[in-house]
Amino acid sequence: LACRAAPQKGLGLLFGTMMGYDAAAYQQMYQQQQAALQAAQQAQQAQPQQAAMMAGYGGQMQQQQAYQQQQTEAQVETVGQVAHVTVTGCQHATVSGIVRGNFSASGQNHGKPTYKRDAPVNGLDVMIYFWDERDGPNFCGWWFGPKVGGDQVWAYHSSRTQTPPLSGWKVPYDGAVDPTFAIAPAAQQQPQQQQFGYQQQQQGQAFQQQQGAQGGYGQQQFGQQGGFDQQQQQQQQRQQQIQQAQEQARMKIQQQQQQQQQLQMMKQQQQQKQQEELARKAQMQQEMNRRRMEEQKKIAEQKKKAADEAKASIAIRKVISKVNMAKEETLAQVQQELFTAMQTELGNCGSLAAKVKEEAEQSVENAKKRVADLQAAKAAQEERKAQMIEKHKAACEKADTLVAEFSEKVEEADSAVQSLVETAKPFTEVDGTLDMKEEEIEELAKSIAEAAEEANAKVKTGSDFLKENQSAMKVPDMLGQPTPESRAAFSKTMETVNAYLKTKEMAIGKAKMAKVKGLKRAKAKKALESQVAKFKKYDADKDGALNKKEIVVYAKKEFGFALADAAATKILKVLTGPGAKGVKQEDFQKLKVQVGIQRENALDAQRKKKREQREKEVEAAKVALKEKIGEVDGSWGEIDEKLKKVEEATKPLQVKNSSMKSGEILAVVSEVEGDLKASEEEAAAMKKSVLELKNGAEPELKLFAVSETKSLDSRCKQLDTRLNFMNTSLQRARTDAKKKEAQEISAFEKQAQAMIQHHQKKKEMSPEDVCDALSGGGGETIAEDSFTAFFADCEKEEGAVAPASEDLSRLFKSMEEDGSVSKERMLVFIRHFMKVVKETTITESLSITEGSKRKLAAGEVVEVHGLPTVEGNVTRVKCKALKDDLTGFVTVKGTAGSVFLMDGGRVFKVVKETIMTDHFDLDSQEAKDASKKLEEPRKLKTGELVEVRVWSMKEEKSGLMRMKCRAKNDGKIGWVTVTGNAGTTFLTVA
């Protein structure tokens, strides 16, 4: 209140001035008012509890705010004293249906009341409760939920008031404040309206005061203008206004005192409740402490009992561990110790007694069994030891016998090796083969080979015996038994074996080397003797020298070479000195060399003559080869001109995204195919000629031919490249034409279908009626002329133009079989099909929410009946599912633009390899006869596309779903399995 004096004083001075008073007069009146206010303040300060409560606030504004808050809480608490409340409002679509309704008091939580909805919602209770700060300040406040303290909540208010707040609730709990959400006592229907009426009353009083002030100001101005007589009347009015203001101030002070008294009473009631709550909590705490002490005492007793039982059981188990480790000699002693421990401690084991007793009995039983097993094992070990000693003795005796036999064989082998050494002695001596002839060396070598063979045989006999019996002759030592006597004898015998093996190899090696050297020496000696005999043979005059005549005879008879006289003279001049009679015996080898030189000179002359003749022949062949290469080169120009014409004609085919129609493309291809084939043949002939030129050339002209035909090879490669490009271009053009033809026929098909469907709707005809109209008389097949004629006379949309007759003819040929189109095929063409691209629902009625029949899976095909209907942003159409003939309404396009149905369904894709047959029934006699005639059935490979002719039907005998279709690759028509009897899928909608 003191803090409010300053602004009120300034306002009063301004008000007094406006009323016509001077500042001094109004100052006196204002002081009188302030004295009355100070008297009221002193009466308030006389209350000590009120002063203590207000001392904590920092100023009058804070006091006023606290007072207003306490007033608000006092009003909520007063509202909360009722047993029934009502929740209204709430904009949330889900939460509103849960929280709205009547609630009744249902106990307390955390010292504040809880309320429960009179009727559950979906089997759940709806509670209003308070939760304190035990889980943190963010969770403190008032909550709506299915149970007190539960994880699921619907609304929240952070207030810590004693009862639920009237407004300001967040819905949902982490959302924004819902201004429409309100809680009120069931008895007070419109608390907010009353509060609003009070605010209007206050605003009305303020307005009257403002009007009075403005009126006083106007009177002041009027008095100044009208005269002094009116000033007295105005002064009386001001006096009355001052008295009224004083009366209002007095009443306001009294009202504030009453409010403070109510606040004090509320504070006392709250403190009394807090004291009662503290007393109750203290009593509960004492009870909890008593129970905790009793529980701790009980736990301590249980722990002591468990410790005593554990101590007793450990004492017994220590002895049990001794029993488990006892040997034969100590078993009786530890058994007695266990018995004593059981007598002493088993009674103290308590709940463990049965288990400990069982362990003790089991340990004794196990110990007895273990001792018995050890005794049996010991006896078995002794028996095994005796058997091993017997086996060792037998092995030693056997080893003695085998070593003795082995020694005999070694002695025989050693004797044979010594015999070999004696036989080879002539070869191993220094001059052993010096004077031997070749025949004597061979004879001695033969004897040595025989002796070596005998020695090897004896050695092999000993080695085989050793290999077979070595393990038996080597007896290992045995603990407690003497070393076998056979071991020393065996070692000595092996020394003999190693010695004679070494001796044998050395004797054989030396004999071989001596034989080689001796034979070389004998052969050289024999050649020398032959040469001396030959010299004597041609030395006709026996003068110890060969003259010119004798040299000529020697050359003729020995080499078949007629030595010229001049050559003979030259040889004598080279090999003899002045006055010599001829070539002596020691120069006979040189003579042989000179004769050979003269013979080679003669042969060189002959070879030179032949070479010169061959060079002339090769030169003539080279000239002829050049002429032939020129002829082949001339043929290239003709091929090039033809190929240029073909390339020029096919230029339109090489343009990307060409506007040419399929028929025009095929016409160009047919036109140039002949010229291209002729060019290929001529190019092949040219390549063959070039190859013949290279392969048919003389050996000497091979490199020349390769060099001269390089340009031709290059031109042939150019031709190959161009021809390959042209063939690729034509092949690509055929493929493009095929694609364009399919696109054109597809366009004709759509155009024709649109016209047929329009005609059908205009005439209200069924698909069968349209087939009859297309056939011209209701036959089972449709001819091309009646098919074409139908489009000339049928109903057409405004501006629609029928396809040209040739286009209709192409469309008809794409569907025909044996010159006509069956009624079944035409029905497939006429009917409007769509494929399901996204799972959707087929319903009974046009409404999407009524009469759901079943789900349509992606990949299913439906037949459209009627025109689509648009409801808002949803497009729906009536159709029939081909899978089970179910009829209903299906969404074509959803609200968000999602597409569920698309035109199509007539083309299927092979997803698992299968075969195509001519008949529907696989087991019929016709199908069997047809399969015998065919060498191999038509296989449909994965990825192939087929066009429906007759929709899927179930073959009753096998349970297969089969469909008649036409393969797009080769136009083959037949029956294929769509779905197997085990659910395997072979074809799906493309």
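In this predicted model, the side chains of Lys813 and Glu784 meet in a salt bridge, with N and O 3.4 Å apart. The pair links distant parts of the chain, since Lys813 belongs to helix H21 (residues 805-815) and Glu784 to helix H20 (residues 784-793), and the two residues are 29 residues apart. This contact is one of 44 salt bridges that the structure holds, and the points below take up some of these contacts, then a charged surface patch, and then a strand with its neighbours.

**Salt bridges between helices**

- Lys813 counts as partly exposed because its relative accessibility is 46%, a value that falls between the 20% limit for buried residues and the 50% limit for exposed ones.
- Its partner Glu784 is also partly exposed, with a relative accessible area of 25%.
- A salt bridge also brings together the side chains of Asp565 and Lys548, where the distance from N to O is 3.6 Å; this pair too links distant parts of the chain, with Asp565 in helix H14 (residues 565-575), Lys548 in helix H13 (residues 548-559), and their positions 17 residues apart in the numbering.
- For this second pair, the relative accessibility is 47% at Asp565, which therefore counts as partly exposed, and 28% at Lys548, which is likewise placed in the partly exposed class.

**A salt bridge within one helix, and a network**

- Asp604 forms a salt bridge with Arg607, and the closest N and O atoms of this pair are 2.4 Å apart.
- Both Asp604 and Arg607 lie in helix H15 (residues 588-649), where they are three residues apart, a spacing of about one turn of the helix.
- Asp604 has a relative accessible area of 38% and is partly exposed, while Arg607, with a relative accessible area of 42%, is partly exposed as well.
- Lys813 and Glu784, the pair described at the start, link helices H21 and H20, whereas Glu287, Arg290, Arg291 and Glu294 are joined into one network by salt bridges that share partners.

**A negative patch on the surface**

- Glu443, Glu450, Glu453 and Glu454 together form a negative surface patch.
- Of these residues, Glu443 has its place in helix H11 (residues 438-473).

**Strand E15 and its neighbours**

- In a regular strand, the side chains alternate between the two faces of the sheet.
- In strand E15 (residues 861-864), Val861 and Glu863 point one way and Val862 and Val864 point the other way, and all of them are buried.
- Strand E12 (residues 833-836) is joined to E15 by three bridges, and these two strands run antiparallel; across this pairing, Phe833 stands opposite Glu863.
- E15 is also joined by three bridges to strand E17 (residues 874-881), again in an antiparallel arrangement, and here Val864 of E15 stands opposite Cys879 in E17.
- Glu863, which is found in strand E15, has a relative accessible area of 7% and is therefore buried, because a value under 20% places a residue in that class.
- Glu863 and Gly905 are 42 residues apart in sequence, and the distance in space from C-alpha to C-alpha is 9.2 Å.

Key. Residues numbered from 1 in each chain as written. Predicted model: local features only at pLDDT ≥ 70, side-chain atom pairs only at ≥ 80, totals over all residues. Heavy atoms only, no water. Salt bridge = Lys/Arg side-chain N within 4 Å of Asp/Glu carboxyl O. Helix = DSSP H or I, 4+ residues; strand = E, 2+ residues; numbered from the N terminus. Buried < 20%, exposed > 50% of the residue type's maximum accessible area, 1.4 Å probe, protein only. Patch = residues over 30% accessible without salt bridge, like charges linked within 9 Å, V, L, I, M, F, W, Y side chains within 5 Å. Areas by Shrake-Rupley, 256 points an atom, 1.4 Å probe, with all protein chains shown as cover. Lys, Arg positive; Asp, Glu negative; His and termini not counted. Charge placed at Lys NZ, Arg CZ, Asp CG, Glu CD. Pairing = 2+ DSSP bridges.
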